[in-house]
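Q: Please explain the terms applied to the structure below, setting each value against its definition.

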Amino acid sequence: MTHGAPLLPSSAERAASAGDIAACQELLRKGSKSFFAASLLLPKRVRMPMLPVYAFCRVADDVVDQASEPGAVEALTARLAAAYEGKPHDSPVDRAFSDVARAYGLPREVMEGLIEGFAWDAEGRRYEALSDLHAYCARVAATVGVIMSVLMGVRDPRAIARACDLGVAMQLTNIARDVGEDARNGRVYLPLAWLDEAGIDVSKWLARPVFTTALGGVVERLLQHAAALYARADLGIAMLPRDCRASIRAARLIYSDIGRVVARTGFDSVTSRAYVPLRRKLWLLSRALVAPTPRPPLPFVTADAKVDPPPLPEVRFLVDACARAVISQ
């Protein structure tokens, strides 16, 4: 496993792209305040190349979400291909992304998967079983874990699998928190099979989204699954460079704490939206700084304290893509 992150291809290219990177930083500062704040916890060697990648992701999401005509996804995929071929569109975001993606060997399949997830969102896709929901989370969230790992210089398949676990767990937490908000926008992400088992008619419920004990049971079930994935993700933090562990540990603690807040409301994420107060976030951040590498959770401890759970089947394409990618020299 390599922990040393590569520099951009040459000092000339780095100088030429300085203005482009600054433009990416400004885009995220204005439009993605939470991400921008979280990025400050990472070492500069990771934070700087991360800015163009996330700026491109932000632009891609907006393009798909705001598309009024068919073909937007295909055009975006072609735009992505041009960036990987070293012929980016003439924009600061595309140019800076192209430099970083090629220099760090960021797998193209990862970015294509993310775009596919944006497209699924735009079409309002619903998910029948948990495995279908995992496939969605793999695209919109596990991809982020892979991107972060690659930019940190981590490519070990075990570490990538755990990064995917964390991404999926975070997205499941988002879904559990936003049940009411999504429903009022005509969307449902909870597994349809689980809702059916709970006796909930999705069409009728979407027409009048209210909290019920049965719905709370479904939310609780989803959060229990997320908790198991957070525990698996903890195993991967020790595989990260030391200067990156606290930031990832902090993100894990703060996100998983959203589930605790939802639980305190009786799993009612329809009547109100759970949030972690700033004071609590700061306390969790201090925990991460004091103990950035968590102990292995009890369910996964073996005699030699080493465990290697296989990746979720739905994220294996990301793990494999990362293993195949080559860093340009």
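A: Tyr127 is a suitable start: with a relative accessibility of 2%, Tyr127 counts as buried, because buried means under 20% relative accessible area, exposed over 50% and partly exposed in between (1.4 Å probe, protein chains only). The model is predicted, so local features need pLDDT of at least 70 and side-chain atom pairs count only at pLDDT 80 or more, while totals for chains, interfaces and linings use all residues. Residues are numbered from 1 along each chain as its sequence is written, and side-chain values use heavy atoms, with hydrogens and water left out.

Q: Why is Trp120 called buried?
A: Its relative accessible area is 10%, and the limit for buried is under 20%. Trp120 is therefore buried.

Q: What makes the rings of Trp120 and Tyr127 a tilted pair?
A: Rings of Phe, Tyr and Trp (its six-membered ring) pair if their centres lie within 6.5 Å; planes under 30 degrees apart count as stacked, over 60 as edge-to-face and the rest as tilted. The centres of Trp120 and Tyr127 are 6.3 Å apart and the planes stand at 40°, so the pair is tilted. The count of aromatic pairs comes to 6, and Trp120, Tyr127, Tyr136 and Tyr189 form one aromatic cluster.

Q: How do you know that Asp243 and Arg45 form a salt bridge?
A: A salt bridge requires a side-chain nitrogen of Lys or Arg within 4 Å of a carboxyl oxygen of Asp or Glu. The closest N and O atoms of Asp243 and Arg45 are 2.8 Å apart, so the pair qualifies. Asp243 belongs to helix α14 (residues 242-264) and Arg45 to helix α4 (residues 44-66), 198 residues apart; such helices are DSSP runs (H or I, at least four residues), numbered from the N terminus. The salt bridges number 22 by this rule.

Q: Why do Asp243 and Arg45 count as partly exposed?
A: Asp243 has 39% relative accessibility and Arg45 has 31%. Partly exposed lies between the limits for buried and exposed, so the term applies to both residues.

Q: Are Glu116 and Arg139 buried or partly exposed?
A: Glu116, at 34% relative accessibility, counts as partly exposed, whereas Arg139, at 14%, counts as buried. Their side chains meet in a salt bridge (2.7 Å, N to O).

Q: What makes Arg232 and Asp165 a link between parts of the chain?
A: Arg232 lies in helix α13 (residues 213-237) and Asp165 in helix α9 (residues 157-177), so the pair ties together parts 67 residues apart in sequence. The closest N and O atoms of this salt bridge are 3.1 Å apart, and both Arg232 and Asp165 are buried.

Q: How do you know that the length of helix α5 agrees with its expected span?
A: The expected span is 1.5 Å times one less than the number of residues. For the 13 residues of α5 (residues 72-84) this gives 18 Å, and the end C-alpha atoms are 19 Å apart, which agrees. Among the buried residues of α5 are Leu76, Leu80 and Tyr84. Just after α5, Gly86 takes a positive phi of about 80°.

Q: What makes the charged end of Arg221 sit over the ring of Trp194?
A: The rule asks for NZ of Lys or CZ of Arg within 6 Å of the ring centre and within 35 degrees of the ring normal. The charged end of Arg221 is 4.0 Å from the centre of the Trp194 ring, and it sits over that ring.

Technical notes: Helix = DSSP H or I, 4+ residues; strand = E, 2+ residues; numbered from the N terminus.
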